[in-house]
Amino acid sequence: MSERYDASWEAILNPLFATSQMQGLSAFVQAERQQHLVFPPADLVFNAFKLTPLSDVKVVILGQDPYHNDGQAHGLSFSVPAGIAIPPSLRNIYSELKSDIAGFDVPTHGDLTKWAQQGVLLLNATLTVRAHTAASHQKKGWEGFTDAVIAAISKEKEHVVFLLWGSYAIKKSALIDANKHLVLTAVHPSPLSVYRGFYGCKHFSQTNSYLQAHGLKPIDWQV
């Protein structure tokens with residue numbers, strides 16, 4: 001597994017992989033892959049940890065589930081590979097960026113790899129899903145794994161911005177030390193809730209102001 005994530009994560013991830021909970025989860029996912037199509041592909045499950053070394057983490061954007069339709073999921077929350085239609089929630093994120101960040105041009109693709117390479121950990125709470133079956137791998141063990149990752153980032157780093165959108169993500173604030181990190185919360189950017197407070201939240205400019213105030217390079221949100 002180690003080739004699937006950056007070596008900087010080993011001290012956190014390797015002990016988690018050794019737990020009986022994760023071994024059970026691994027057996028479940030392997031069985032699912034034998035019987036069903038599962039997203040993302042096996043080599044991209046830990047893509048967020050491959051593209052964003054622990055030492056580089058400046059921002060965490062927490063999603064819930066990988067996308068479950070063909071070709072969408074590639075191991076980064078809210079992101080889809082270039083050439084795949086931009087999902088509605090990401091379109092709404094782009095709209096908020098357009099109003100929040102001067103000069104931001106709405107992209108024609110949904111690949112957020114450039115964010116990941118700048119230190120934005122695009123983490124889903126659940127890292128796999130059965131094709132076309134939303135939430136099918138929830139409560140199988142992934143949540144304990146990703147909760148431990150969030151708690152470890154909170155403990156080991158300083159001045160990280162956590163962007164928690166929607167009630168599910170906001171509950172994760174209990175894992176974060178708000179005395180040494182910035183936690184920004186809003187409703188989810190989905191079409192069902194975006195007008196109830198995601199539009200106008202200005203999380204992206206707030207993120208950059210906080211990073212700069214602590215001597216860190218701001219994120220170039222343009223992708």
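## Exercises on a predicted model

S193 touches V187 and H188, not counting residues up to four places away in sequence. Keep that pair in mind as you work through the exercises; the model is a predicted one.

**Exercise 1. Place S193 in the fold, and decide whether S193 is buried or exposed.**

*Solution.*
- Start with the chain: S193 sits in the loop that runs between strand 6 (182-186) and helix 8 (203-213).
- Next, take the relative accessible area, which is 8% for S193. Buried means under 20%, so S193 is buried.
- Finally, return to the contacts: V187 and H188 are touched by S193, leaving out residues up to four places away in sequence.

**Exercise 2. Describe the surroundings of S79: which loop holds S79, and which residues are in contact with S79?**

*Solution.*
- The loop is the one between strand 2 (59-63) and helix 4 (88-100).
- The relative accessibility of S79 is 0%, so S79 counts as buried.
- Beyond its neighbours within four places in sequence, S79 is in contact with Y67, Q72, H74, G110, D111 and L112.
- One of these partners deserves a second look: a polar atom of the S79 side chain lies 2.9 Å from the backbone nitrogen of L112.

**Exercise 3. Characterise the largest pocket: what is its volume, and which residues are closest to its centre?**

*Solution.*
- The volume of the largest pocket is about 550 Å³.
- The lining consists of 25 residues, and D65, P66, Y67, S89 and H188 are the closest to the centre.
- Sort the lining by type: nine residues are nonpolar, 15 are polar and one is charged.
- Now link back to the earlier exercises. Y67 is in contact with S79, and H188 is touched by S193.

**Exercise 4. Find out how the buried residues of helix 1 and helix 8 are arranged around their axes.**

*Solution.*
- A reminder to begin with: an α-helix has 3.6 residues a turn, so residues three or four places apart point the same way.
- In helix 1 (residues 10-17), the buried residues are I12, L13, L16 and F17. Viewed down the axis of helix 1, they fall within an arc of 115°, so they line one face of the helix.
- Against that face pack other helices: the buried residues of helix 1 meet helix 2 (20-35), helix 3 and helix 6.
- Turn to helix 8, where H203, F204, T207, N208, Y210 and L211 are buried. Their arc around the axis is only 160°, which puts them on the same side of helix 8.
- The cover over the buried residues of helix 8 includes strand 2, helix 4, strand 5 (161-165) and strand 6.

**Exercise 5. Pick out the backbone features at P40, H132, H159 and G215.**

*Solution.*
- The background is that most residues other than glycine have a negative phi, and most peptide bonds are trans.
- P40 lies in the loop between strand 1 (38-39) and helix 3 (47-51). The peptide bond leading from F39 to P40 is cis, with omega near -10°.
- H132 is not a glycine, yet has a positive phi of about 65°. H132 belongs to the loop between strand 4 (129-130) and helix 6 (142-156), and is partly exposed at 47% relative accessible area.
- H159 is not a glycine either, and its phi is positive at about 60°. The loop between helix 6 and strand 5 holds H159, which is partly exposed with a relative accessible area of 24%.
- G215, just after helix 8, takes a positive phi of about 75°.

Notes:
Residues are numbered from 1 along each chain as its sequence is written. This is a predicted model: local features need pLDDT of at least 70, side-chain atom pairs count only at pLDDT 80 or more; totals for chains, interfaces and linings use all residues. Side-chain values use heavy atoms; hydrogens and water are left out. Helices (H or I, at least four residues) and strands (E, at least two) are DSSP runs, numbered from the N terminus. Buried means under 20% relative accessible area, exposed over 50%, partly exposed in between (1.4 Å probe, protein chains only). A polar contact is a pair of N or O atoms within 3.5 Å; within protein, one must be able to donate a hydrogen and the other to accept it, and residues adjacent in sequence count only if both atoms are side-chain atoms. Contact means heavy atoms within 4.5 Å. On a 1 Å grid over the protein atoms alone, a cavity is a set of points where a 1.4 Å probe fits but cannot get out, and a pocket is an open set with protein on both sides within 12 Å along at least five of seven lines; lining residues have an atom within 4 Å of a point. Grid points are joined across faces, edges and corners, and a volume is the space filled by probe spheres set on the points. Ala, Val, Leu, Ile, Met, Phe, Trp, Tyr, Cys and Pro count as nonpolar, Asp, Glu, Lys and Arg as charged, and the others, Gly among them, as polar. The arc is that of the directions from the helix axis to the C-beta atoms.
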